[in-house]
Every structure is written in structure tokens, then in C-alpha cells.
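The following exercises ask you to read strand pairing, the ligand shell and the domain layout from a structure. Work through each task before reading its solution.

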Amino acid sequence: MSEVFDIGVLGSGPAALSLAAEAAALGARVTVVAPEPTHPWKPNYCLWSDELSPSTEVTVEHRWSEVTVATALGLHELRRDYVKLDGLALQRRLLSALEARSARIVDQRAVQLEHLGTESRIHSSSGGTLRVRAIVDASGANSRFVERLHRRKPAHQMAYGLFLEAPGHGFDTERATLMDFRPAMPSAVEPPSFLYLLPLSDRRIFVEETSLAHRPAVSMDLLRERLDARLQTLGLGTAARIGEELCAIPMGLGLPAHGQSIVPFGAAASMVHPASGYSIAHTLRKSKPVARALVDGLGSDDPALAIASANAALWPRAQRRLWELYALGLETLVSMSFAETSRFFDAFFRLPQESWAGYLSGTLTPIELAVSMTDLFRSLPASVRWHLIRTGMSSGAAPLARTVLQSGIT
Ligand SMILES: Cc1cc2nc3c(=O)[nH]c(=O)nc-3n(C[C@H](O)[C@H](O)[C@H](O)COP(=O)(O)OP(=O)(O)OC[C@H]3O[C@@H](n4cnc5c(N)ncnc54)[C@H](O)[C@@H]3O)c2cc1C
């Protein structure tokens with residue numbers, strides 16, 4: 001009979017490798033199953049520096065001490081460090097940690113999962129089978145194995161980005177532009193999109209045109225055209241284009257259903273923030289507690305209990321309610337016009353920093369979130385308030401609102 005691993009992890013993105021490495025460090029026998037599992041990660045992972053816990057080992061490639069948000073109504077200079085991770089260094093460290101613990105890395109795509117009491121099986125695209133005691137599904141937002149509480153149609157945040165070689169570009173390397181909603185050209189108003197600009201050194205710069213979450217997804221061609229127009233305005237029209245980033249993030253996937261036979265993790269577990277599209281900090285923060293709950297639980301010889309305990313560590317009740325409230329926030333963003341977006345973000349970044357920062361990091365308690373959103377609502381002009389009320393009552397958001405109200409917010 002073939003070896004039985006304690007944990008089989010599907011995927012080789014940040015969620016899969018960070019959880020697998022934590023579990024292996026706790027002594028679990030781990031196997032990672034993914035197509036091209038050592039293929040270099042491509043996305044340009046960024047986050048707010050204070051979202052990382054001191055024990056998270058990451059290499060920061062660049063740090064910006066000031067962050068700008070611009071709308072048609074004015075500029076906000078935010079004093080909160082924003083960082084770009086060295087994603088490849090993180091990937092290498094996690095793969096080495098797994099190798100050091102003799103984890104088995106299998107270059108296959110999982111096609112079917114089978115649960116047989118105290119053992120589960122991962123059937124792969126080659127026809128092979130791996131025997132494990134528990135499965136962590138970190139196969140991304142399009143996972144085929146996760147059951148969800150709500151089957152909502154996802155909205156998509158889309159972005160088209162370019163790495164530019166532009167010696168002497170003149171942008172301050174200490175300052176990042178998180179969102180510049182001023183239109184790229186007079187006709188580029190609806191649907192709203194914004195410029196994201198990261199000066200990486202005196203020579204290199206990353207620029208991206210990003211749509212807020214939208215249904216249907218905003219087209220890449222439209223974003224490319226807007227970015228081209230911005231580059232002319234920014235004096236970067238002739239800069240050498242040395243790399244491209246195409247980004248499509250499904251947002252607002254329903255939370256994982258209760259009582260599953262697997263542990264969904266990362267984007268597969270809807271850990272992507274429903275309003276901002278970020279998930280890296282959340283994933284890195286949760287890897288250790290979820291791995292610990294799973295490994296400790298497996299010590300008791302009942303995989304079902306271990307899986308339940310890991311899922312509870314990932315999604316405590318209060319966190320589930322919080323995510324549902326965020327999902328309501330997403331529904332309001334999806335249908336906002338250019339003018340409403342400007343007023344909304346202008347008011348949002350006027351909130352006290354602990355409120356907007358807590359909202360974006362997903363670290364407020366449900367009651368703190370409700371208080372911040374009430375303050376925001378009060379500060380908005382009547383037209384945007386009406387938009388929020390209409391969205392809150394619309395058929396798409398009604399089931400969500402009901403869930404939030406039924407579960408209470410205290
Ligand atoms: C271009 C881009 C830029 C982003 N930038 C940021 C950012 O700056 N900050 C931030 O916080 N978030 C960002 N995000 C959002 C989010 O953090 C990322 O999508 C992140 O990669 C999610 O990590 P993950 O490990 O959960 O999933 P993924 O990175 O999507 O990894 C999924 C893994 O599962 C594997 N897989 C798929 N199907 C199977 C299967 N059947 N069997 C086995 N394996 C399978 C894939 O090959 C892959 O290895 C970005 C997303 C994109 C697309």
C-alpha cells in the first residue's frame with residue numbers, strides 16, 4: 001500500500017505553500033499537488049506594512065512611506081507604509097522549507113477528491129492517487145472542490161499593468177499612488193477605473209489601470225487603452241515596456257459552506273477581501289493558526305474533527321459576519337458611477353485612519369465596521385446615500401442583507 005500523508009495541499013500559490021510549510025514545520029507529513037508547482041509566481045504582491053505580523057518572514061522589495069489617493073474632488077496624502085513583497089524570495093523560502101521537511105511535491109492537477117472515513121484520496125490528472133488524512137484546498141478562486149454558502153455571481157476586479165524602464169522618470173520613490181480616479185482622458189469616465197503607480201527605483205516604475213469590481217468584468221482592451229492615454233499624460237509614453245501584468249480577481253465569492261470534508265484556504269476560501277481584492281496579508285496571517293488547528297486535530301486521530309477545527313480557526317463566527325458585511329460593501333461599489341465613486345472615496349479617506357485602514361485590512365470587529373460605515377454614510381452627499389440605499393434594497397443584495405441582519409452584528 002502507498003504511503004498515507006497527513007495533509008494533502010492542492011495548489012502552489014501563496015496560500016498553499018505558506019500553509020503547507022507551517023504544517024510541515026509542526027511535524028505533519030505533507031504533500032503538495034499542483035500543476036507546475038515550482039513555476040515562479042507572477043503577480044506583483046503588495047500590502048500595507050502594518051498588516052504583516054512581526055513573525056511573518058517575508059522580504060520587502062520596496063517600501064513607500066506615503067500613499068496618495070486622488071479623486072475628482074481632491075487629493076489625500078496617507079501616512080501609512082505600503083510595501084511590495086519579493087514574491088520570488090517568499091516562494092523560494094517556502095519551497096526550501098518544504099524540501100527541508102521532506103514534503104512531497106507532485107506536479108499534477110487534482111481532478112477528483114474522495115473521502116473514505118479516516119482517509120481521503122486525491123485523484124490527479126495523470127490517473128494517479130494520493131492517500132492523505134486531510135485535504136487543504138488552496139487551488140485558487142476557481143476551485144472546483146469548495147462548496148459555498150451562497151452561489152453568487154462574482155464581480156471581477158480587472159487590471160492591466162506595465163513595468164517600465166524609464167531612467168530619470170521623476171516620480172518620488174517614497175510615494176505610491178494607490179488610486180487616481182481622475183479620468184485618463186475625457187471620454188474615460190464610465191465605468192470608473194483608476195491609475196495605480198509604484199515607482200520601484202529611479203529607473204523602474206510599475207503602472208496599472210484598474211477597474212473597481214464590476215459585473216460584467218471591464219474589458220482588458222479598455223484598460224489598456226486608458227493606460228496608454230495616461231502614459232502620454234504622465235510623460236511616460238516612450239518608456240521601454242519591460243513586463244506586463246494582466247489581473248482578473250473574482251470578488252465576492254460566497255463563503256465556504258459549513259461541514260465540508262476539506263479545508264478551503266486562500267482565494268479558494270473566499271479570503272480575498274470582498275471590497276479591495278487583497279488577500280496576501282490575510283493568507284499569511286492565517287497560515288499558522290489554521291495549520292496548527294489542523295495538525296493538532298490530526299493528533300486526535302479523527303480527521304473530520306481536525307478539519308472542522310481548522311475551518312473554525314479560519315472562519316470564526318464573527319469573521320463570517322464581517323465578511324458578509326464587506327460583501328454588501330462590494331455590491332455598492334459594483335454599480336457606482338464615476339461621480340458617486342469620487343464622492344464615496346473622498347469621504348472614505350476622510351474617515352479616521354484607524355477606520356479606513358481597519359476596513360481595508362479586514363481587521364475591524366463587526367460592530368466597529370458598522371460604526372465606521374454609519375459615520376461614512378452620514379458624511380456622504382444625498383445622491384450617494386441614495387445609491388447605497390437602492391443597492392441595499394436591490395434583489396442581488398437582499399439575501400446578503402438578510403444574512404447580515406439575521407446573524408446580528410454584535
Ligand atoms: C495579477 C494579480 C495581482 C494581485 N496582486 C495582489 C496584491 O498586490 N495584493 C494582494 O493582497 N492580493 C493580490 N492579488 C489577489 C490575490 O492575493 C492573489 O490572487 C493570490 O495569488 C491568491 O493566492 P492563492 O494561493 O489563494 O491562489 P493562487 O495564487 O490563484 O494559486 C492557486 C494555485 O492552485 C493551483 N491549482 C489550480 N487548480 C488546481 C487543481 N485542480 N489541482 C491542484 N492545483 C490547482 C494553481 O496552479 C496555483 O498554483 C492579485 C491577484 C492577481 C491575479
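**Exercise 1.** In which order do the strands of the open sheet of three strands lie, and is their pairing parallel or antiparallel?

*Solution.* In this predicted model, the strands follow the order β3-β7-β4, and the pairing is antiparallel. Next, consider the edges: β3 and β4 (60–64) each have a single partner strand, so one side of each is left without a neighbour in the sheet. From one strand to the next, the twist averages 25°. Finally, turn to one pair: β3 and β7 (residues 82–85) are joined in the antiparallel sense over three bridges, and tryptophan 48 has tyrosine 82 in β7 as its bridge partner.

**Exercise 2.** Determine which residues and elements make up the shell around the ligand, and explain where the ligand lies with respect to the domains.

*Solution.* Begin with the count: 30 residues surround the ligand, and the closest are Gly11, Gly13, Ala15, Gly140 and Gly266. The elements that contribute two or more residues to this shell are α1 (14–25), β2 (30–34), β3 (46–48) and β16 (240–251). By class, the shell consists of 19 nonpolar, nine polar and two charged residues. Because domain 1 (4–58 + 85–147 + 256–315) and domain 2 (155–251) both give residues to the shell, the ligand lies between them.

**Exercise 3.** Describe how domain 2 meets domain 3.

*Solution.* The chain is divided into domain 1, domain 2 (155–251) and domain 3 (318–407). The C-alpha centres of domain 2 and domain 3 are 26 Å apart, and their contact takes eleven residues from domain 2 and nine residues from domain 3. On the side of domain 2 that touches domain 3, eight residues are nonpolar, one is polar and two are charged.

Key. Residues numbered from 1 in each chain as written. Predicted model: local features only at pLDDT ≥ 70, side-chain atom pairs only at ≥ 80, totals over all residues. Near = placed C-beta within 6 Å. Helix = DSSP H or I, 4+ residues; strand = E, 2+ residues; numbered from the N terminus. Nonpolar A, V, L, I, M, F, W, Y, C, P; charged D, E, K, R; others polar. Domains from an automatic or database assignment. Pairing = 2+ DSSP bridges. Axes fitted to C-alpha atoms, helices over the stretch in contact; angles between N-to-C directions. Contact = placed C-beta atoms within 7 Å.
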